[in-house]
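Reader: I have a new structure to go through. Please take me round its surface, its core and its backbone.

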Amino acid sequence: MIFRKICNDTSTMSATELAHNFVFVKNREAWYRDFDREIPVRDLMREICAKHAAPADTDELTDEELDEILYDNLQFGTDDLEGVFALLYMALYGMTDVRAWLERYETTGLPTTNRPEVLQECVDTYGAEAQVDMAVEEMSELTKALLKYRRKAAQGSKDLEAARENILEEVADVIIMLTQLIMIYGGRDLVQETIENKVDRQIKRLANTEGETGSEVSQEVLQPAT
């Protein structure tokens with residue numbers, strides 16, 4: 001069985017997968033699920049607090065009042081159940097947001113490696129100049145692969161799969177080298193900021209071109225008021 005970081009159907013989840021997916025965003029609100037049910041996190045907290053009388057009157061509170069009380073109860077830490085439940089509430093909301101970010105990354109973000117230290121070792125071993133040259137070479141190979149696919153498509157070739165797979169292989173090589181370029185030149189935060197600024201400008205261009213905003217509704221949970 002292949003382990004999935006993000007999944008939504010509890011009938012196909014393993015226990016480990018459920019541990020990473022038991023909170024999620026639905027209608028811009030944090031929800032809890034297990035193998036038997038789905039419930040808004042606020043209602044789950046109402047249920048827990050009412051059962052243990054800590055505090056006992058959560059069923060009578062609005063969402064805003066519940067948020068305020070639970071966040072205020074963080075001051076108690078682990079000294080009593082009210083503090084423990086407040087910590088639980090904070091953890092559930094925090095994990096909901098983290099999962100939403102991970103889901104967005106897995107859907108749209110560039111693939112990466114979980115062994116960046118290997119890429120740093122390449123820079124340290126072969127030298128920055130050699131790796132910059134390699135980056136130039138790999139980007140050139142990707143350009144050639146793209147042009148080859150376009151040429152085959154224009155010729156009406158029915159077998160484009162090999163050319164497509166070549167593009168994907170070269171994309172992987174370029175991503176590896178882009179990661180090393182950031183290691184060499186630094187400025188990861190600047191790269192991220194520049195990406196966001198350019199995407200924001202593109203949203204405005206799309207709005208002017210198509211009469212639409214082009215922006216999507218955020219999938220992160222609406223955080224409770226503090």
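Author: This is a predicted model, in which local features need pLDDT of at least 70, side-chain atom pairs count only at pLDDT 80 or more, and totals for chains, interfaces and linings use all residues. Residues are numbered from 1 along each chain as its sequence is written, and side-chain values use heavy atoms, with hydrogens and water left out.

Reader: Which residues make the nonpolar surface patch of about 250 Å²?

Author: Patch members have over 30% relative accessible area and no salt bridge; nonpolar side chains (Val, Leu, Ile, Met, Phe, Trp, Tyr) are joined within 5 Å, and like charges within 9 Å. Areas come from the Shrake-Rupley method with a 1.4 Å probe, and for residues only the protein chains shown count as cover. A salt bridge is a side-chain nitrogen of Lys or Arg within 4 Å of a carboxyl oxygen of Asp or Glu. The patch is made by Val 136, Met 139 and Leu 178.

Reader: Is Leu 178 buried, partly exposed or exposed?

Author: Leu 178 sits in helix H7 (residues 161-185). Helices (H or I, at least four residues) and strands (E, at least two) are DSSP runs, numbered from the N terminus. Buried means under 20% relative accessible area, exposed over 50%, and partly exposed in between (1.4 Å probe, protein chains only). Leu 178 has 37% relative accessibility, so the label is partly exposed.

Reader: Which residues form the positive surface patch?

Author: Lys and Arg count as positive, Asp and Glu as negative, while His and the chain ends are not counted. A charge is placed at NZ of Lys, CZ of Arg, CG of Asp or CD of Glu. Arg 201, a patch member, is found in helix H8 (residues 188-210). The full set is Lys 198, Arg 201, Lys 204 and Arg 205.

Reader: Which residues touch the most other members of the largest nonpolar core?

Author: A nonpolar core is a set of buried Ala, Val, Leu, Ile, Met, Phe, Trp, Tyr and Cys residues joined through side-chain atoms within 4.5 Å. The largest one has 18 residues, and those touching the most other members are Val 41, Met 45 and Tyr 89.

Reader: Which element supplies the largest share of this core?

Author: Strand E2 (29-33) and helices H2 (41-52), H3 (63-72) and H4 (81-108) each supply at least two residues. The largest share is five residues, and they come from H2.

Reader: How far apart are N and O in the salt bridge of Arg 46 and Asp 63?

Author: This pair links distant parts of the chain, Arg 46 in helix H2 and Asp 63 in helix H3, 17 residues apart. Arg 46 is buried, at 9% relative accessible area. Asp 63 is partly exposed, at 30%. Their side chains meet with an N to O distance of 2.8 Å.

Reader: How many salt bridges does the whole structure hold?

Author: One of them joins Arg 115 to Glu 117, with the closest N and O atoms 2.4 Å apart. Another joins Glu 141 and Lys 144 at 3.8 Å. The search finds eleven.

Reader: Where is the peptide bond that is cis?

Author: Most peptide bonds are trans. This one has omega near -10°. Its Pro 55 is placed in the loop between H2 and H3. The bond runs from Ala 54 to Pro 55.

Reader: What is the phi of Asn 27?

Author: Asn 27 lies in the loop between strand E1 (23-26) and E2. Asn 27 is exposed, at 69% relative accessibility. Although not a glycine, Asn 27 has a positive phi of about 55°.
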